[in-house]
Amino acid sequence: MPQLPAYTEPLFRPPSEAYSLILQVTNGCSWNRCTFCEMYTQPQKKFRFKPLDELEQELAAIADSGMPARRVFLADGDAMTLSFRRLKGIMQAINRYLPGLNRVSSYCLPRNLRHKTVNELAELKDLGLKLFYVGCESGDDLVLERVHKGENFDSSLAALQKIKAAGAKSSVMILNGMGGTRYSRQHAVNSARLATAAQPEYLSTLVVSFPAGTERYQEGFEGEFEPLDQRGLFQEMEWLLEGLELENTIFRSDHASNYLVLKGTLGRDKERLLATVRAALERPGSVALREEWMRGL
Ligand SMILES: C[S@@+](CC[C@H](N)C(=O)[O-])C[C@H]1O[C@@H](n2cnc3c(N)ncnc32)[C@H](O)[C@@H]1O
Ligand code: SF4
């Protein structure tokens, strides 16, 4: 009797994939060097990919269970590191076992697409792989270097443009507070420049947090990283929003790590969102904030 998937924990997925079937096609993250990210640092999360026959057994069990699976998320941290050939095999298997499928999505590091062509991405899109969550984190080269992201403005933009050219969608994540006090302004301005150049379908911000302490993070900043306080985070958000020139992007700053919840469609709602941020800055107490105990990663 085929087995339902047994996950290697911990397992992470974007908030918007809460009702999706999570298929762990890889374990961990092949890069795993970003100094802010502790998600895949435990020994059991060492990177590996799951052989196709193992995945097929899981898919057969899911199909047999009658579990409705309209949306599938490919875990873990960068399933798109797999070759086009392997991803195509996975997508064909998913389609074979889950014929009612509507959309497949995955996290995607810009470097995961470096050796994939637009035609290959379009082929995967036609098989249902339609949405990529890209952890750009910043559009500022210096900040990206400090946190060992291994990407820069140009590599991030090239990946986002490739996704668009293939007819797929991207959801970009930016980390509020990632440059600390010193680089806050340039982080905001260049992140806005990146999003404006890429025009992603979705854009979200999370507040950078350090559940395991800042020691590893400080190394990249030569010990000079000064975290932003709440006011600093709001100021950075104002600079980011001011710089964004988006035509039709769903903007969400509602992840559990945010104090100030912001949601809207940009450009349409730019002035409304800016007014909320400015009220939080100028009239503390006039805008409801998420309590510290309710925040999380
Ligand atoms: C599970 S990771 C996978 C993303 C993917 N590997 C990439 O880099 O594009 C998802 C996102 O969680 C966020 N994240 C990771 N560590 C974080 C931290 N310490 N504080 C806030 N957000 C964090 C980052 O935005 C990251 O892109
Ligand atoms: S942020 Fe993404 S690329 Fe960086 S270590 Fe975490 S999972 Fe890997």
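How many cavities of 30 Å³ or more does the structure hold? In this model, which is predicted, there are 3 cavities of 30 Å³ or more, and the two largest of them are described here together with the largest pocket, one helix and one residue of the N-terminal segment.

The largest cavity encloses about 60 Å³ of space. Its lining is made up of Asn 176, Val 207, Leu 233, Phe 234, Met 237, Ser 253, Asn 258, Tyr 259, Leu 260 and Leu 262, a set that divides into 7 nonpolar and 3 polar residues, with no charged residue. Helix α8, which runs over residues 230-243, gives the most to this lining, with 3 residues.

For the second largest cavity the enclosed space is about 50 Å³, and the residues that line this cavity are Ile 174, Asn 176, His 187, Ala 188, Thr 205, Glu 236, Met 237 and Leu 240. Two or more residues of this lining are given by each of β7, α6 and α8, and the largest share, 3 residues, comes from α8. By class, the lining of the second largest cavity holds 4 nonpolar residues, 3 polar residues and 1 charged residue. Asn 176 and Met 237 appear in the lining of the largest cavity and also in that of the second largest.

Open space was examined as well. The largest pocket has a volume of about 1200 Å³ and a lining of 46 residues, among which Pro 14, Pro 15, Tyr 107, Met 173 and Leu 206 lie nearest the centre of the pocket. The elements that give two or more residues to this lining are the strands β5 (103-107), β6, β7, β8 (202-207) and β9 (249-253), and β8 gives the most, with 6 residues. The lining of the largest pocket divides into 26 nonpolar, 11 polar and 9 charged residues.

Helix α5 comprises the 13 residues 153-165, for which a rise of 1.5 Å a residue gives an expected span of 18 Å; the C-alpha atoms at the two ends are 18 Å apart, so the model agrees with that expectation. Within α5, the buried residues are Phe 153, Ser 155, Ser 156, Leu 157, Ala 159, Leu 160, Lys 162 and Ile 163. The cover over these buried residues includes the helices α3 (118-126), α4 (141-146) and α6 (180-198), together with the strands β6 (129-137) and β7 (169-176). At the start of α5, a side-chain oxygen of Asn 152 comes to within 3.1 Å of the backbone nitrogen of Asp 154, whereas after the helix there follows Gly 167, whose phi is positive, near 85 degrees.

Outside these elements, Thr 8 is placed in the segment before β1 (21-24). With a relative accessibility of 27%, Thr 8 counts as partly exposed, because this value falls between the 20% under which a residue is buried and the 50% over which a residue is exposed. When residues up to four places away in sequence are not counted, Thr 8 touches Gln 24, Asn 27, Gln 44 and Lys 45. Thr 8 and Thr 214, which are 206 residues apart in sequence, have a C-alpha to C-alpha separation of 26 Å in space.

Key. Residues numbered from 1 in each chain as written. Chains lettered and ligands numbered in written order. Predicted model: local features only at pLDDT ≥ 70, side-chain atom pairs only at ≥ 80, totals over all residues. Heavy atoms only, no water. Helix = DSSP H or I, 4+ residues; strand = E, 2+ residues; numbered from the N terminus. Expected span 1.5 Å × (residues − 1). Buried < 20%, exposed > 50% of the residue type's maximum accessible area, 1.4 Å probe, protein only. Contact = heavy atoms within 4.5 Å. Polar contact = N/O pair within 3.5 Å; in protein donor to acceptor, adjacent residues only side chain to side chain. 1 Å grid on protein atoms, 1.4 Å probe; cavity = no way out; pocket = protein on both sides within 12 Å on 5 of 7 lines; lining within 4 Å. Points joined across faces, edges and corners; volume = space filled by probe spheres on them. Nonpolar A, V, L, I, M, F, W, Y, C, P; charged D, E, K, R; others polar.
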